[in-house]
Amino acid sequence: MPSYRELLAQLRSEIEEVDVVRARELLAADGRPLLVDIRELDEWSEGRIPGAIHIPRGNLESRIEAAAPDKSQPIVVYCAQGNRSVFGAKSLEELGYENVVSLAGGYVDWKRSGFDTELPRSLDGAKRQRYSRHLLIPEVGEEGQMKLLDSRVLLLGAGGLGSPAALYLAAAGVGRLGIVDDDKVDASNLQRQVLHSTSRLGEWKAESAKRTLQELNPDVDVVPYRERLTSENAERILADGWDVIVDGADNFPTRYLINDASVWHGIPLVHGSIYRFEGQLTVFDTKAGGPCYRCLFPQPPPPELAPSCAEGGVLGVLPGIVGSLQASEALKLCLGVGESLSGRLLLFDALATEFSEVKLRKDPACPVCGDNPTITEYVDYVEFCSGRPAQV
Amino acid sequence: MAVTVKIPTQLRAVTGGVSEASVEGTTVAEVLDGLFAQFGELRERISDEQGTLRRFVNVYLAGEDIRFLDGVATSVPDGAELTILPAVAGG
């Protein structure tokens with residue numbers, strides 16, 4: 001059996017190495033290789049080569065395929081001194097990677113040569129523990145979790161849809177959640193609005209939501225807006241800066257206002273709506289070339305043809321399903337991973353336990369996001385849906 | 001030439017609770033007329049006086065919005081499925 005030194009020398013002769021000068025050239029050129037830092041977390045935390053991803057040596061084989069699905073992808077592996085990376089490069093070759101090199105001299109030599117390094121931002125121990133199940137997912141990881149902590153999501157409504165959406169977004173560590181709701185907690189809400197509880201009856205929903213969410217996760221900054229979205233306050237609320245908006249409103253006027261606002265501000269809108277046993281869900285992302293709500297339904301129904309929401313009723317768990325899916329879409333948008341529902345309307349029928357999809361197309365004749373928009377300022381439609389007095 | 005039409009919950013008040021109807025027709029317009037013959041009150045919920053589809057109701061043929069096909073003139077193959085979908089506000 002060979003000794004460690006003998007094995008290292010043998011493997012070194014079997015793989016390709018580059019020195020730090022050559023590595024820097026490769027990283028600056030077109031077709032930049034994937035730079036993989038295989039050191040331990042404490043080493044990585046003290047500094048890295050800019051642009052590197054971190055996969056500790058012990059996880060290299062299990063995680064590399066998510067980071068580099070294409071086996072012809074050029075890869076530079078480095079550690080501290082250039083020894084562990086010999087073993088790492090050999091492992092990658094055995095997994096079928098065709099263009100792997102090990103950085104001779106490693107990070108120590110890179111730094112000694114006066115080349116750029118950067119300090120990775122990292123999560124502290126408490127956050128690392130809280131979000132550990134996210135950190136284990138390659139598509140999230142530490143970088144993704146920090147993106148979530150930096151993300152700002154505005155929720156319209158702390159009701160049926162807003163409750164599960166806000167709970168999961170807060171639990172996931174979305175850094176700032178805005179909650180727009182001008183209602184107070186009523187006994188008839190508690191069959192589905194799981195943000196609130198019996199002890200909160202009569203409290204403002206936005207405040208009750210804030211208490212629940214901050215108890216769940218103190219990392220989250222909750223901004224309550226104890227008001228109803230109108231043409232008057234829309235710009236002020238949006239000016240607070242949001243990456244994603246989750247629409248869980250209970251009426252058409254708010255839904256059209258927030259659609260138009262999100263188109264004009266280029267903010268993706270995660271739309272969900274529910275009635276009895278059925279839900280509709282999609283993402284409106286006109287900045288990414290997708291359709292908006294008015295491409296789907298150019299105008300709201302007139303009062304006499306819209307069913308009253310309060311009369312219609314809803315299965316308590318239905319908003320739990322649809323609102324959770326909204327949270328999932330919002331998290332994907334914050335992380336920049338996966339395929340969003342943009343361009344697809346997902347329909348859920350709880351009675352049949354059936355999901356189906358229809359295609360949504362961008363309408364060139366859309367009055368807001370079309371080629372010749374006819375609506376260029378906020379429209380306050382007459383309220384007719386939730387049993388409130390009419391307002392224009 | 002029978003076509004299956006799926007009726008959403010919101011409109012079932014005018015179909016006596018029926019959620020799916022089998023209707024004869026070779027175009028969307030013919031199918032809708034056949035549907036209105038079965039459920040008279042449905043007509044004014046879905047189309048206006050001119051017979052145009054209302055702007056808060058969409059009709060999908062096999063998952064595709066007929067507005068982006070040939071509208072109500074879109075031909076409908078035998079055994080196809082039409083879905084009527086109104087805007088829903090509830091949250």
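Here are three short exercises on a predicted model, each with a worked solution.

Before you start: this is a predicted model, where local features need pLDDT of at least 70 and side-chain atom pairs count only at pLDDT 80 or more, while totals for chains, interfaces and linings use all residues. Residues are numbered from 1 along each chain as its sequence is written, chains are lettered from A and ligands numbered from 1 in the order in which they are written, and side-chain values use heavy atoms, with hydrogens and water left out.

**Exercise 1.** Describe how chain B meets chain A.

Step 1: Start with contacts (heavy atoms within 4.5 Å). On chain B, 25 residues touch 39 residues of chain A.

Step 2: Look at the buried area, meaning the accessible area (1.4 Å probe) that two parts lose on being put together, summed over both. Here that's about 2600 Å², with 57% coming from carbon and sulfur atoms.

Step 3: Now hunt for salt bridges (a side-chain nitrogen of Lys or Arg within 4 Å of a carboxyl oxygen of Asp or Glu). Between chain B and chain A there are five. One of them joins Glu64(B) to Lys359(A), at 3.3 Å, N to O.

Step 4: Sort the chain B side by class, counting Ala, Val, Leu, Ile, Met, Phe, Trp, Tyr, Cys and Pro as nonpolar, Asp, Glu, Lys and Arg as charged, and the others, Gly among them, as polar. You get 10 nonpolar, six polar and nine charged residues on the side of chain B that touches chain A.

**Exercise 2.** Work out the order of the eight-strand sheet in chain A and find its edges.

Step 1: Strands (E, at least two residues) and helices (H or I, at least four) are DSSP runs, numbered from the N terminus. Two strands pair if DSSP finds at least two bridges between them.

Step 2: Trace the open sheet of chain A: S8-S7-S6-S9-S10-S11-S12-S13, with mixed pairing.

Step 3: The edges are S8 (221-225) and S13 (354-359) of chain A, each pairing on one side only.

Step 4: Zoom in on S9 (244-247) and S10 (269-275) of chain A, which run parallel over three bridges. Val246(A) has Val270(A) as its bridge partner in S10(A).

**Exercise 3.** Explain what the salt bridge between Arg294(A) and Asp260(A) ties together.

Step 1: Side chains of opposite charge can pair when their charged atoms come close.

Step 2: Arg294(A) and Asp260(A) meet at 2.7 Å, N to O.

Step 3: Arg294(A) sits in helix H14 (293-296) of chain A and Asp260(A) in helix H13 (252-265) of chain A, so the pair ties together parts 34 residues apart in sequence.
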